[in-house]
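Grab the structure and a viewer, and let's work through a few exercises. Try each task on your own before you read the solution.

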Amino acid sequence: MLIDSHAHLDDPRFDSDRDAALQRAWDAGIRMILTIGNGSGPDQMGCGIPIAAGHDWIYTSVGVHPHDAGKVEERHYAQMKESSKYEKVVAIGETGLDYFYDNSPRDVQREVFRRQLALAKELDMPVIIHTRDADIDTEEILKQAAPIRGVIHCFTSGDKLAQRALELGFFISFSGIVTFPNAKALSEIARRVPADRILLETDCPYLAPVPHRGKRNEPSFVADTARFVATLRGIALDELAEQTAANFHRLFGVKTS
Ligand SMILES: [Zn+2]
Ligand SMILES: [Zn+2]
């Protein structure tokens, strides 16, 4: 049983074939999907709720992506808290820092990140962290927020942040980027992450794994990343599927029947 621990099913690129994409995922052995509640900004943080409501194997989150941090108003934190009460909302996020695109001012990104971590703690929910070119500040802010549980999603950072995140009790999730031939340092991290801390995701519609690279990504392609990572770690696909499913259940508190 495979799980896509991070997808953006609300994305308009799924508007023409969302149901067909979900069917392909099911046919490929995907038995759970976490669709991220970011939308195109804080006003759409509930975007995953109708999708999760329509499918018993889909869960969702609520949060504000660092790209949209500059659009946050105080009322959005109240909205996040309110939306988090829905039973299929299992996490806060994705939230974090993106100093590669710098779509929002960095001080605002840090503030909005800290506020979401505080809310996750208050609600006793896990957090989904996005971090790009911001290893030092991400580590610092997570340390200040500890103890807190969550996942560094679509991990592309360095070895040091991987170590620190593991020490803080975080899970590390790998996307299709790990399958890219130039991602040698990343695949070395994916080879060594402890079996009880690894997760897999597509981050679709972005970042399709080899052999679909360049196409729109979709949840069924998590199987390709899983095959690649299982080979990397020298274990059977079934064993990796079992480990990552157990980790998902432990972090997000949901189980497949
Ligand atoms: Zn992200
Ligand atoms: Zn994402």
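One thing before you start: this is a predicted model.

**Exercise 1. The zinc ion (ligand 2)**

Task: Find which protein atoms are donors to the zinc ion (ligand 2), and work out how to classify their arrangement.

Solution:
- Start with the donors: His6 and His8 each use NE2, Glu94 uses OE and Asp203 uses OD, with distances of 2.1 to 2.3 Å.
- Next, look at how they sit along the chain, where the spacing reads H-x1-H-x85-E-x108-D.
- Now take the angles, which run from 83 to 174 degrees around this ion. Four donors would count as tetrahedral if all angles lay between 85 and 135 degrees. Since the range for the zinc ion (ligand 2) is 83 to 174 degrees, the arrangement goes down as irregular.
- Finally, check accessibility for the two histidines: His6 is buried at 1%, and His8 is buried too, at 8%.

**Exercise 2. The zinc ion (ligand 1) and the bridge**

Task: List the residues that coordinate the zinc ion (ligand 1), then say which residue coordinates both zinc ions.

Solution:
- Three residues coordinate the zinc ion (ligand 1): Glu94 through OE, His130 through ND1 and His153 through NE2, at 2.0 to 2.1 Å.
- Their spacing along the chain is E-x35-H-x22-H.
- Glu94 also turns up in the donor list of the zinc ion (ligand 2). So Glu94 is the bridge, and the two ions lie 3.5 Å apart.
- Then place two of these donors in the fold. Glu94 belongs to strand β4 (residues 89–98) and His130 to strand β5, so this pair ties together parts 36 residues apart in sequence. Glu94 and His130 are both buried.

**Exercise 3. Two helices and their buried sides**

Task: For helices α3 and α6, work out where the buried residues sit around the axis and what they pack against.

Solution:
- In α3 (residues 74–83), mark His76, Tyr77, Met80 and Ser83 as buried. Looking down the axis, you'll see them fall within an arc of 130 degrees, so they line one face of the helix.
- Flip to the face turned away from that side, and you meet the exposed residues Glu74 and Ala78.
- The cover over the buried residues of α3 includes α2 (49–53), β3 (58–62), β4 and α4.
- In α6 (residues 159–167), the buried residues are Leu161, Ala162, Ala165 and Leu166. Their arc is only 135 degrees, which puts them on the same side of α6.
- The packing partners of that buried set are β5 (127–132), α5 (135–145), β6 (150–152), β7 (171–174) and α7 (184–192).
- Just after α6 comes Gly169, with a positive phi near 90 degrees.

**Exercise 4. Aromatic pairs**

Task: How many aromatic pairs are there, and how should Phe155–Phe174 and Phe248–Phe252 be classed?

Solution:
- The structure holds four such pairs.
- For Phe155 and Phe174, the ring centres are 6.3 Å apart and the planes meet at 65 degrees, so call the pair edge-to-face. Phe155 sits in the loop between β6 and α6, while Phe174 is in strand β7, so the pair links parts 19 residues apart in sequence. Phe155 is buried at 2%, and Phe174 is buried at 0%.
- For Phe248 and Phe252, the centres are 4.8 Å apart and the planes are at 50 degrees, so the pair is tilted. The two are four residues apart in helix α9 (residues 237–252), or about one helical turn. Both Phe248 and Phe252 are buried.

**Exercise 5. Charges over rings, and a glutamine**

Task: Find which rings lie under the charged ends of Lys88 and Arg115, then decide whether Gln109 is buried or exposed.

Solution:
- The charged end of Lys88 sits over the Tyr59 ring, 5.0 Å from its centre.
- Arg115 puts its charged end over the ring of Tyr77, at 3.9 Å from the centre. You've met Tyr77 already, among the buried residues of α3.
- Now find Gln109 in helix α4 (residues 106–123). Its relative accessibility is 1%, so Gln109 counts as buried.
- Leaving out residues up to four places away in sequence, Gln109 touches Pro66, Ala69, Gly96, Leu97, Asp98, Tyr99, Asp102 and Ser104.

How values were computed. Residues are numbered from 1 along each chain as its sequence is written. Chains are lettered from A and ligands numbered from 1 in the order in which they are written. This is a predicted model: local features need pLDDT of at least 70, side-chain atom pairs count only at pLDDT 80 or more; totals for chains, interfaces and linings use all residues. Side-chain values use heavy atoms; hydrogens and water are left out. Buried means under 20% relative accessible area, exposed over 50%, partly exposed in between (1.4 Å probe, protein chains only). Contact means heavy atoms within 4.5 Å. Donors are N, O and S atoms within 2.8 Å of the metal (3.2 Å for Na, K and Ca); water is not among the atoms, so sites may look incomplete. Four donors count as tetrahedral if all angles lie between 85 and 135 degrees; four count as square planar and six as octahedral if opposite donors are over 155 degrees apart and all others between 65 and 115; anything else is irregular. The arc is that of the directions from the helix axis to the C-beta atoms. Rings of Phe, Tyr and Trp (its six-membered ring) pair if their centres lie within 6.5 Å; planes under 30 degrees apart count as stacked, over 60 as edge-to-face and the rest as tilted. A charge sits over a ring if NZ of Lys or CZ of Arg is within 6 Å of the ring centre and within 35 degrees of the ring normal.
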